[in-house]
Structure formats: C-alpha cells, structure tokens
Amino acid sequence: MRRGGGSVEVTALGWGVTLGVIAVLFAVDLAVGALRPHAVGFREATAWSVFYIAVAVVFGLFLGWQHGWGYGGEYFTGYIVEKSLSIDNLFVFVIIMSTFAVPREYQQKVLTIGILLALVMRAIFIAVGATLLSMFSFMFLIFGALLLWTALQVYRHRNEDPDVADNLLVRTSRRLFTVTEEYDEGRLTTRVGGERAVTPLFLVLLAIGGTDLLFALDSIPAIFGITEQAYIVFVANAFALLGLRALYFLVTGLLDRLVYLATGLAIILAFIGVKLVLHWAHGIWPAAPEISTQASLGVIVVVLTVTTVASLLKIRRDPTARAHSATVMGHKKDTPEAPPADER
C-alpha cells in the first residue's frame, strides 16, 4: 500500500472514459438480463463469465502499464478480494431466489438490478471511506477493527444461512402493502380486485437491496486495506461485480460445494484487518511492521486455493456437506430438515 506517497493520477477524461466503459458493459448486461428475460444455459453463462473476467484482466494490465505495476498489483489484489466476496454474495442470491421461488426467466432481471444497486451503494461507501481516510488517520484503526469483528462473526456463523424471508425490509413491506401470491410477468406491481398490490418480485428486490448494503459495509473497508486509491477501489469493485449475472447461472450448482468458503473469507478479512491496524500503528510507531501488497496477494491466493481444495476433498468424503453464506446478519440455525443442495 502506498500510504502517504504518490497517487494514481487520473484526469477528468480518464474518469469519464472509465465510467463510460463500465456504463456500456452494465448496459449490455442489463439488455441481456433484464430486457430479454430467458433461462440462461451453461454455454451462454460460461461465455459471458470468461468475457467479463478477460475484460477485468486486460484493464488491470493496462492500469499497470499506464501507472506502474505497483498500482497494477493493488488492483489485481483488490479485484480478487472483491470477486471472492461477490461470489459469496451469490450464496445469498441463491437463497433469496429459492425462498421466493423466482421463475428462472425472471432471475436475470433480478440479478442485473441487484448488481446495479450494489455498484451504486459501493460507490457511495467508496467516496465516504476515501474522505474519512484522508481526514482522519485513526479511521485505519476503525476499519481494521471492523474487519476483525466481521471476520469473527463470519467464522461464528459459518454453518448457518441468513433468514431472508424475515428480512426487516420484507417484513415491513408485507405490513404496508398487499402482496400477491403469483408473479405477474416480471412486474413489480399489479392490480387485485381493482386495488394496487406488489408482486413477490418487489419483495425479492428489497431483500437483494438490503443484502447489497450489508456486503458494501464489509467489502469497502476490506479493499481499503489493499489500497487507499479511490480510483483503484472503484474499478476493482466495478469489474468484480460485472459478470455476476452470468456467473450466478454458471456456479449455482457448484456453490454448495465450497463448504469452507466462509472460513476462508473470515481468514482473509481478519488478515486485512490486521494489515490496517498495523498500518495505523506504523504511523505512530515507525518500528511497527507493515504488510506489502505482494505479501497480501500471496496470502489471499494461498487461502483461496487451500479453501477450494479442502472444500472439494470434504465433499468427496461427505457428499451431504454443503456450504453456507458468510454474511453476518439475519442468520437462522441450520436444521436437519433443511432442503438438500439439489433442491435449493
């Protein structure tokens, strides 16, 4: 991390081009997902997933070539962290889709809108976080403590799933509005007996919006533990979110196999939390050690690799084992009556 050093010099034109490219990519995703509802097959999901990952890699190489490979390393480290957290976000999306029995042809629309909401919320938190860090050095300590607390909660709840049907926004909406039992061709509202009512799709979007907010609270401090460059934080988040719609359909059947993902994410969040605390301490006591971006990238890659391999070995030994979301709020205890993975 370059603390107190230089910064990525991005002109207004550079920001404009970056935002324009991201907007076009999201517009394409919206056109494919929301404006042309259809069930996504494996081949289509694979093609779009490879495309968006390739775009993110090409952008990172361009960033490194243009501004230096130190910043390029920060981008790729941040991208991997945010992609990992975004994949965990898909766990909750799967649970929400299953809980509300969202028809497959409408899932693309829900995912695309949910991803757009996530980007907007993260952009807001990035602006606030960057301002706070530039004004108050002790915010590194607060962000570090927040990540350590989050890591502890993720580990504690690693064998539980969130109760999305009991979401505060969902409960409030059920009290305020008449909710229909059936979906109405992807509409959010409809009429029942001449009265305006909301469809289950409305509740689904509320649940996903609330989830996006919770994940933004975790992911933004995490990436500020990698870099304090607001530009890198934003693009890493944007490219990590791009392609989640296709990735959802590609890995939905595989998510349950990553039984140790929550544990791995808890370790990564704790590691970044320690890194932030050490950076704060270094500003007060220069003898305090700091963790480099290269070391961070190595630790994160090793943790994710070990997590994936251990998960696959666990599934091989115990085919009934399944993964859980690493979100830290709204959990319900897992029970023997929980539906098996292939019915979710």
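What follows is a walk through the overall make-up of this protein, two of its helix pairs and three of its residues.

The model is a predicted one, in which local features need pLDDT of at least 70, side-chain atom pairs count only at pLDDT 80 or more, and totals for chains, interfaces and linings use all residues. Residues are numbered from 1 along each chain as its sequence is written, and side-chain values use heavy atoms, with hydrogens and water left out.

To start with the broad picture, the protein has eleven helices and four strands. These are DSSP runs numbered from the N terminus, with helices being H or I over at least four residues and strands being E over at least two. Of the 344 residues, 49% are buried; that term stands for under 20% relative accessible area, against over 50% for exposed and in between for partly exposed (1.4 Å probe, protein chains only). The accessible surface comes to about 15900 Å², and carbon and sulfur atoms hold 67% of that. Areas here come from the Shrake-Rupley method with a 1.4 Å probe, and for residues only the protein chains shown count as cover. Contacts (heavy atoms within 4.5 Å) often link distant parts of the sequence: among those between residues at least 6 apart, 80% join residues at least 24 apart.

Next come the helix pairs. Helix α3 (residues 69-99) packs with helix α7 (residues 200-224) at an angle of about 160 degrees, and their axes are 10 Å apart. Axes are lines fitted to C-alpha atoms, for helices over the stretch in contact, and angles run from 0 to 180 degrees between N-to-C directions. The pair α3 and α7 is therefore roughly antiparallel, a label for angles over 145 degrees, while under 35 is roughly parallel, 65 to 115 roughly perpendicular and the rest oblique. Their crossing is right-handed, meaning that the near helix is turned clockwise from the far one by less than a right angle, with anticlockwise making it left-handed. On the α3 side, the residues involved include G78, L85 and F93, and on the α7 side they include A207, F215 and I223. By class, the contact of α3 with α7 has eleven nonpolar, four polar and three charged residues. Here Ala, Val, Leu, Ile, Met, Phe, Trp, Tyr, Cys and Pro count as nonpolar, Asp, Glu, Lys and Arg as charged, and the others, Gly among them, as polar.

Helix α5 (residues 139-156) and helix α10 (residues 261-284) also pack at about 160 degrees, with axes 8 Å apart. So α5 and α10 are roughly antiparallel as well, but α5 passes α10 in a left-handed crossing. Among the residues making this contact are F140, L147 and Y155 of α5, along with A262, L269 and W280 of α10. The contact of α5 with α10 has 18 nonpolar and five polar residues, and no charged ones.

Finally, a few single residues. K83 lies in helix α3 and is buried, at a relative accessible area of 11%. Leaving out residues up to four places away in sequence, K83 touches F239, A240, L242, L244 and L247. T77 is in α3 too, and is buried at 1%. Beyond its neighbours within four places, T77 is in contact with I226, T293, S296, L297 and I300. L304 sits in helix α11 (residues 293-317) and counts as buried at 17% relative accessibility. L304 and S84 are 220 residues apart in sequence, but their C-alpha atoms are 8.4 Å apart in space. With residues up to four places away set aside, L304 touches I80, S84 and I268.
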